[in-house]
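Colleague: I should like to learn how to read the features of a two-chain model. May we take them in turn?

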Amino acid sequence: MVMAAFAVALAAAAAAGSSSPAPLPEILLSRQLAEQASVRPGETVTIAAAANGAGAKQFRVAGIYEPTPDPMRFTSRRIEARLHLPDLLAMTATPEDPSSIEAVKAINVKLVDPKEAEAFDAALTARVPGTFSRLTARAQDGSDPFAVLERFHLAVAIVTVIGSTAFLLALMVMRAEERREIIGIVRLIGVSQRFVLLVVLAEGLLIAAAGAGFGVLVAKAAEGSVNRFFQWRYDTTLVFVRVTARIALQSIALAVPLGILAGVVGSWTLLRRDIVSLVRR
Amino acid sequence: MSAWSLAWRTVVHNPARACLAIGGVAVIGALLFNMLLLSRGLLVSFRDLLDTAGYDVRVLANEGSPIHRAPLAGAPSLAGEIERLPSVRRVALIRSDDALALPPGRDADAASVTLIGSTERQLGGAWDIVKGSTLPAEVHPGEPVPLVVSTKLAARQRLEPGSPLRIRVNLAGGASVLPSVDCRVVGIGSFTFESAYDYTVATTMAGFAAAHGAPDGKDEADLVLVASAPDAGPEAAAKAIAALRPDVRVYSNAQVVDQFNARAFSYFRQISVVLSTITLAFAFLLVATLLTMSVNQRLGEVAALRALGFPRRRIAANLLCESALLVGVGGVAALPLGGVLAIVLDRILRAMPGVPERLHFFVFEMDTVVLHAALLTATGILAALYPIWLAARLPIAATLRKEIVS
């Protein structure tokens, strides 16, 4: 597959149905460009590669396409058009440079075995000096901007977990305090400290599991709203938030032990106290 | 006893609970403080970075995309025209390209660098000489091309002023077929716009042209930097340049920052708004829940106070003060905690490729502290409303009876 990307200027959108007897070359416009220029399929547009309109040519709009979402460019409006390569080269080639009629900026290659990328690069450089290949996969050395963003979000998540733990502990301490007399009475009628601790553990497990499950449900429900907001804000189909099973399990795996721990720590001081002081006698 | 004293005694009566509540508010407050810093930090830092260079207007070619702009042809004559404008004080031409720096005899130490050509010998704060001298005003024929290399490159390639270095320019999109040129390091500098993953080398425009195989020089520039006259200002200078040459794009630093704000910075602004809202909601829930539980535990106490003649207003004031104590102490503790957290988060984000090392995502501003305090105050007041309502509507006799029976 051969592709080339050039900046083109939309000079004017003419009325539908060109009267030209020869069929016009076809062009695809991005949805954003079509909306901005109020152009529909079948209409004729004039395109020029130079800002001053020199060398402008007419094209028939064959269709409107949604640009492939690009996380590296989601803040910029996708004002783009796609032409057949010969049409584009005919517009951009210069008489002073005869090779420009067959020059492209990049060639997309799909390898039979992606693991052979390094060997392919070496072979390419040896056979065609002056060219180089670049992998489309994300860099693995941590310099990838998305890896950096991932680390940033992880750090924010850790801080949130610390804040939540303090919140949870405060609640559990209050809850244990509320039940001081009940625990005292239960201990007075002969229930062992170990059994009370097991009850606290079971209660913590139930509350933490229910809370974690509810949190995942809230996140899943918010996923659509967050995506819709950012997709509207940036006029893109890019997916910003995705609550995957792995993320949900990670959250539950973190929240449940924390919940149990908070319950036990909150009740620990009461369990260690002497029974008489618990019943305020 | 005043409402403050009563609130203080209530808080001190349960130190563990109070410490945990204050700790929770402090951590959440720190996160809120960070998100507020992030909402403007990059912009403030970027503006500072632009201003340190000493130029306040940028002139670019009209053609090309905003990222890959075509070079300006006839740049020296354009610079001359601009310099003659009364609103302009100083003009500099800038070119940049990717190149390979090869220390002679040590090919293994070769490094990819950004080669900058400039008409200025030392670009204000864009690079500061830390060792050696700045670029010479004139280079005699046959002399090696003078270079100022960044401190990082000097450390990596063990370069000192006077060290020889070969530079080979990479042609756009491909391996270079240009020969390397002999250069000499005249100075080692600290480059403002250098990122963590980059090495920078600066030379004269003639040196830059020589590295491109055109010793007589080319008349192209990627960028014309303009310093406006103090009495005219950057906006007037930008207008005058745009009127003089409608075929170029002219931006004042403020306009560049605006564009940056609208495009590149947009994501961080949105993230900071979303996370600020979540942290505020979290702080509200934390304080409201703790106060509500606290009131529920003290219903008998509140009813007794009311029975003794304490007015509703006094009970409300007591709860409000309790909320203010928790949020106030937590909010104050959030500032140093947020400062430390900002350093950590800033270090993470600055590892992003292409971000200048001197650019910061979190920048301290007094306005942010004021906003942080205002938001936490509003949260504290809102969080106290429900428990106040509970306490104010308490049926005195029924509550006291229930308390005695239980």
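Modeller: We shall proceed from the outline of one chain to its domains, then to the contact between chains and the core. Please bear in mind that this is a predicted model.

Colleague: How many helices and strands are there in chain B?

Modeller: Chain B holds 12 helices and 10 strands.

Colleague: What radius of gyration does chain B have, and what would a compact globule of 406 residues have?

Modeller: The general idea is to set the chain against a globule of equal length. Chain B has a radius of gyration of 31 Å, whereas a compact globule of 406 residues would have one near 22 Å. The spans along the principal axes add to that picture: the C-alpha trace of chain B covers about 105 × 50 × 35 Å. Of the 406 residues, 42% count as buried. Among contacts in chain B with a separation of 6 or more, 80% are between residues 24 or more positions apart.

Colleague: Which domains does the assignment give for chain B?

Modeller: Domain 1 consists of two segments, 3-49 and 264-405, while domain 2 covers 63-246. Taken over C-alpha atoms, the centres of these two domains of chain B are 51 Å apart.

Colleague: How many residues of each domain are in contact with the other?

Modeller: Nine residues of domain 1 of chain B touch six residues of domain 2 of chain B. On the domain 1 side, five are nonpolar, one is polar and three are charged.

Colleague: Let us turn to the contact between the chains. How is an interface described in general?

Modeller: Its size is often given as the accessible area lost when the parts come together. Here one may instead count residues: chain A contributes 31 and chain B contributes 38. On the side of chain A, the elements giving two or more residues are α4 (145-178) and α6 (193-234). The largest share, 18 residues, comes from α4(A). By class, that side of chain A has 19 nonpolar, eight polar and four charged residues.

Colleague: Which residues have the most contacts inside the largest nonpolar core?

Modeller: They are A:A170, B:V25, B:L147, B:V224 and B:V226, within a core of 129 residues. Helix α2 (residues 15-52) of chain B supplies the largest share of this core, 19 residues. A second, separate core has 12 residues, including A:I27 and A:V61.

Colleague: Which residues does A:A170 contact, leaving aside its neighbours within four places in sequence?

Modeller: A:A170 is then in contact with B:R17, B:L20, B:A21, B:G24 and B:L290.

How values were computed: Residues numbered from 1 in each chain as written. Chains lettered and ligands numbered in written order. Predicted model: local features only at pLDDT ≥ 70, side-chain atom pairs only at ≥ 80, totals over all residues. Core = buried A, V, L, I, M, F, W, Y, C linked by C-beta atoms within 7 Å. Buried ≥ 20, exposed ≤ 12 C-beta atoms within 10 Å, placed from the backbone. Helix = DSSP H or I, 4+ residues; strand = E, 2+ residues; numbered from the N terminus. Contact = placed C-beta atoms within 7 Å. Nonpolar A, V, L, I, M, F, W, Y, C, P; charged D, E, K, R; others polar. Domains from an automatic or database assignment. Rg over C-alpha atoms; globule rule 2.2 N^0.38 Å.
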